[in-house]
Amino acid sequence: MIPTSFEYKNAGSVADAIGMLGDDGQILGGGQSLIPALKLRLNSPGVLVDISKVDAIKGISDNEKSITVGGGATHASIASNADLDSAAPMLVQAAREIGDIQVRNRGTIGGSIAHADPAADWPAVLLASDANVMIQNKDGKRTVDIDQFFKGFYETALEEGEVITGISIPKSGFNKNSAYAKFKQPASRFAIVGCAAAVDIDGGVVKEARVAMTGVSECAYRVTAVEKALVGKALTAENIEAAVGDVTEGRDVMSDHYASEKYRTHLASVYAKRALKKLL
Amino acid sequence: MANKISVTVNGTTHTGEVEGRVLLVDYLREHLSLTGTHIGCDTSSCGACTVHVDGKAIKSCTMLAAQADGASVTTVEGLSSNGELHPIQEGFKEEHGLQCGFCTPGMMMTATDLLKNNADPSEQEIREALEGNFCRCTGYHNIVKSIQYAAKKMATTA
């Protein structure tokens, strides 16, 4: 399959890339979502601006209070990062389960969240981690709280002419004690249902909890009812069972040939419990 | 719309012009006549098109040739040296790791990437590493044995 014709431009920096976009340009990161879409002609930009060689946004750096993951960091580089494994293990767990090694070697975290596939793993993990998305545009830089980033079906707060330069993950008690669990579509390994859970325990009881789902609805979301139900209680199997009710309440649950609405609703609760029980 | 690229493939540097939309797999097969790299599903699923770019296994149907400018690419044709089979090729021959052979180039490229990072993988680790490579003949059993053969051979000759 051959994409429609476009002009390819290789950007040397993020500022370069923003300048190259023009009216009909699109950013190419690792290309693991965009290139298949171009081949199926679901997408046909006039200009494709490649940021896959911009080294400045590929790194993972440990700052005192947070870890910054470059927008161009590959899933494989996140999967093998020791700092993240200690500060926010759910990121490493999720990265290891994305697609397959070939996809993980090219695909990037920035590309994934810009694409915002409703079944992608990163949106749930980043919601649970209380991340900040660092964005650059022609006027400068801005930061978007992850809770304001995912807007709907393949829709985000990212605007025309903007590039995700990094994701900042706070070094918090809840991120240190975090886990990801998913029910995989066996061929693509996208999440039919995925849950990221991060729980801060202080003095034997839950001080703060963040629980987020992906694969369930038009975009990833936090389950605040579960988060609230856990606070102030010991994290035990019984308390997890009691706290996790219908985690799809108020959501339009997807139905497809992998999982019906009813089955997916059931799976969502099962995987919310499994993610939390990984923290026991 | 043409892009000037310079790509080192199996040690030889090729310079040429490609349209932006040319996929790396088509560049290898059509422009360089290296037809060992196969196009299977053409949807980033089957792994028959796996090659190494700068030492890492990737799906060449899901990368543009223009993106490989300046990169070093290894295809299945680059595995053997001085007329001698690479241990992974020998393994597939000895352990009957192929039937129709269509998936074999991709299997071998993923396997060599695995063995570079993990010289003594368990059976489970081998099976997990092959997640992105489909075989519709063998049931994978002999492919796993072929990779174990190569790991053993590489350990004794290293």
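Why does a radius of gyration of 15 Å agree with a compact globule for chain B? Chain B has 158 residues, and a compact globule with that many would have a radius of gyration near 15 Å, so the value for chain B agrees. The radius is taken over C-alpha atoms, and the globule rule is 2.2 Å times the number of residues to the power 0.38.

This is a predicted model: local features need pLDDT of at least 70, side-chain atom pairs count only at pLDDT 80 or more, and totals for chains, interfaces and linings use all residues. Residues are numbered from 1 along each chain as its sequence is written, while chains are lettered from A and ligands numbered from 1 in the order written.

**View 1. Chain B mixes helices and strands.** Count five helices (DSSP runs of H or I, at least four residues) and five strands (runs of E, at least two), numbered from the N terminus. Along the sequence they go β-β-α-β-β-β-α-α-α-α. The C-alpha atoms fill a box of roughly 45 × 30 × 25 Å along the principal axes.

**View 2. Four strands of chain A make an open sheet.** The order is 11-12-13-14, with antiparallel pairing (at least two DSSP bridges between two strands). Strand 11 (178-184) and strand 14 (221-222) of chain A are the edges, each pairing on one side only.

**View 3. Strands 12 and 13 of chain A pair up.** Residues 191-202 and 205-214 are joined by nine bridges, in the antiparallel sense. Look for Val199(A) opposite Ala209(A) in strand 13 of chain A.
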